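Hello,

Here is the structure I promised to send over. Have a look at it first, and then read on for what turned up.

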Amino acid sequence: MGLGEQEKYNFDILAAVIADASKRLRDNGAESFSIFLDSFVNGKIRYEGAVEKITLSSLMGLYKFTEYKTKDKDKIKNIKQISIVTNSNNSFENEIKYAYVVADAVSKTRDLVNTPPNVATPEYVADYAKELAKRNGLKCTVFDEKQIEKMKMGCFIGVAKGSINKPRMVVIEYNGSKSKKPVAIVGKGVTFDSGGLNLKPYPYILNMKDDKAGAVAAIHIIEACSRLKLHLNLTVVTPLCENMIDAASYRPDDVLTAFNGITVEIKNTDAEGRLILADALSYAAEKKPQAIIDIATLTGASLVVLGYVGTPFVCTDENLRKKINEASPKSLEKVWELPLWQEYDESLKSDIADVKHIGDEGEAGVITAAMFLKNFVNELPWLHIDIGTTVWSKVDKGILTKGATGATVRLMMELLREWK
Ligand code: BES
Ligand code: MN
Ligand code: ZN
């Protein structure tokens with residue numbers, strides 16, 4: 001394997017080479033292989049970091065989604081064992097454990113995001129989350145349509161109305177610290193986004209099963225935190241529904257009332273994510289967490305901003321901003337901050353309600369979506385991550401395989417790893 005020029009060698013190259021080599025070995029029929037660690041270490045890249053990155057990258061590269069293949073199933077073989085060989089006397093147990101748990105969380109996230117929308121309905125994802133919580137001894141509450149209605153989550157109910165697959169809201173709690181207020185993670189869980197009455201045209205309607213990726217990532221992040229026994233309290237809130245066309249669908253020009261009482265004028269039923277998040281965020285904010293992080297496949301505009309390379313985010317808190325900027329290079333998930341200048345608020349003014357939920361077409365789509373969400377976090381320290389683009393890979397290259405990427409799982413795990 002070639003690692004390229006010494007000066008340019010970095011963790012991104014290491015990860016890509018290990019992942020590609022692992023795939024090659026597997027595709028050539030290997031059942032196991034060994035990696036000589038020392039040859040990947042130099043002045044810049046130390047043993048410690050390298051073991052973790054090698055383990056994670058190899059496992060991520062080897063990921064395959066075969067659930068719905070019926071032919072030649074027995075021919076699809078994966079690697080049974082990977083050995084890391086070294087002259088170093090260090091103990092790498094903790095690093096390998098971390099990488100293994102995180103890789104597992106990434107794989108499970110990819111599996112569930114890849115699961116087709118006729119199978120992975122809101123109820124299915126809620127049952128999955130319940131099962132996961134039970135397995136890990138985590139407290140889990142599932143709200144059904146009636147309860148969501150009773151709680152007056154008018155925006156969430158509005159979006160969910162057009163589907164026969166009824167909505168759920170899942171709340172999972174992990175207690176890894178005695179005293180501290182929890183960190184809240186809210187994940188967008190639209191199991192299929194048809195656009196609603198503002199129906200998405202072909203080919204944009206394809207792949208819209210990935211619109212639940214924020215929720216699915218959040219569920220596996222809390223599982224990984226509990227498996228690693230991280231010292232913090234975490235609350236995951238995931239609104240789950242489908243955005244469909246029906247006589248009962250919500251319409252453009254409707255006015256919906258959010259959980260926190262704010263009235264929202266609907267202008268495009270395809271901007272459904274921010275509506276279900278509005279209610280979920282204000283629900284999370286009511287619990288007075290020390291910070292709120294939301295993960296959402298919120299906009300197609302994220303593609304315009306950073307392409308497939310990185311994930312745009314917005315943030316209202318210096319401490320959180322520092323944390324994500326430090327976690328990003330460690331996790332190998334690239335992120336970049338966008339501003340929340342007050343001028344963007346202008347475009348969200350409504351003639352008849354408190355706010356509109358979308359801005360002017362084609363203008364700063366990632367930011368205006370975030371600006372809308374800001375109304376629902378109650379001024380708490382807030383980080384919003386828009387994975388509209390990075391949720392999915394069109395290529396099978398390096399740690400990426402075609403399909404769901406498991407975006408934000410590695411990033412969030414680094415961010416929460418040593419939470420203070
Ligand atoms: N789930 C989509 C965003 C999306 C699009 C994610 C493509 C991944 C790939 C979201 O609900 C949506 O449709 N957003 C609209 C908002 C617009 C109507 C203001 C968009 O980005 O076009
Ligand atoms: Mn949409
Ligand atoms: Zn959507």
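**Pockets and metal sites**

I'll start with the residue classes in the lining of the largest pocket: 19 are nonpolar, 15 polar and 13 charged. Please keep in mind throughout that this is a predicted model.

That pocket holds about 1,600 Å³ of space. Its lining is made of 47 residues, and the ones nearest the centre are Lys-200, Asp-270, Thr-299, Gly-300 and Ala-301. If you want to find the walls by element, look at α8 (273–286), α9 (302–306), α11 (365–373) and β15 (392–393), each of which supplies at least two lining residues. The largest share comes from α11, with four residues.

The second largest pocket has a volume of about 710 Å³. It is lined by 23 residues, and Tyr-308, Val-309, Leu-332, Ile-399 and Leu-400 are the closest to its centre. Two elements, α1 (11–27) and β15, give two or more residues to this lining. Of these, α1 gives the most, with four residues. By class, the lining of the second largest pocket splits into 11 nonpolar, five polar and seven charged residues. Both domains take part here: domain 1 (6–90) and domain 2 (101–417) each contribute at least three residues to the lining.

Now to the metals, which you may enjoy most. The manganese ion (ligand 2) has protein donors from Asp-193 (OD), Asp-270 (O and OD) and Glu-272 (OE), at 2.1 to 2.2 Å. Asp-270 also appears among the residues nearest the centre of the largest pocket. Along the chain, the manganese donors follow the spacing D-x76-D-x1-E. The six donor atoms make angles of 73 to 169° at this ion, and the site is classed as irregular.

The zinc ion (ligand 3) takes its protein donors from Lys-188 (NZ), Asp-193 (OD), Asp-211 (OD) and Glu-272 (OE), lying 1.9 to 2.4 Å away. The spacing of these donor residues in sequence is K-x4-D-x17-D-x60-E. With six donor atoms and angles of 78 to 175°, the zinc site is octahedral. For reference, six ideal octahedral donors would give angles of 90 or 180 degrees.

Which residue bridges the zinc ion (ligand 3) and the manganese ion (ligand 2)? It is Asp-193, and the two ions lie 3.2 Å apart. Asp-193 sits in strand β6 (residues 189–193) and Glu-272 in the loop between β9 (263–265) and α8, so this pair ties together parts of the chain that are 79 residues apart in sequence. Both Asp-193 and Glu-272 are buried.

A second pair does a similar job at the zinc ion (ligand 3), whose donors include Asp-211 and Glu-272. Asp-211 is in the loop between β6 and α7 (213–227) and Glu-272 in the loop between β9 and α8, so they join parts that are 61 residues apart in sequence. Asp-211 is buried, as is Glu-272.

One last residue to look up is Pro-252, in the loop between β7 (233–243) and β8 (255–257). Is Pro-252 buried or partly exposed? It counts as partly exposed, because its relative accessibility is 30% and the class runs from 20% to 50%. The C-alpha atoms of Pro-252 and Leu-112 are 31 Å apart, with their positions 140 residues apart along the chain.

Best wishes

Definitions and conventions:
Residues are numbered from 1 along each chain as its sequence is written. Chains are lettered from A and ligands numbered from 1 in the order in which they are written. This is a predicted model: local features need pLDDT of at least 70, side-chain atom pairs count only at pLDDT 80 or more; totals for chains, interfaces and linings use all residues. Side-chain values use heavy atoms; hydrogens and water are left out. On a 1 Å grid over the protein atoms alone, a cavity is a set of points where a 1.4 Å probe fits but cannot get out, and a pocket is an open set with protein on both sides within 12 Å along at least five of seven lines; lining residues have an atom within 4 Å of a point. Grid points are joined across faces, edges and corners, and a volume is the space filled by probe spheres set on the points. Ala, Val, Leu, Ile, Met, Phe, Trp, Tyr, Cys and Pro count as nonpolar, Asp, Glu, Lys and Arg as charged, and the others, Gly among them, as polar. Domain bounds come from an automatic or database domain assignment. Donors are N, O and S atoms within 2.8 Å of the metal (3.2 Å for Na, K and Ca); water is not among the atoms, so sites may look incomplete. Four donors count as tetrahedral if all angles lie between 85 and 135 degrees; four count as square planar and six as octahedral if opposite donors are over 155 degrees apart and all others between 65 and 115; anything else is irregular. Buried means under 20% relative accessible area, exposed over 50%, partly exposed in between (1.4 Å probe, protein chains only).
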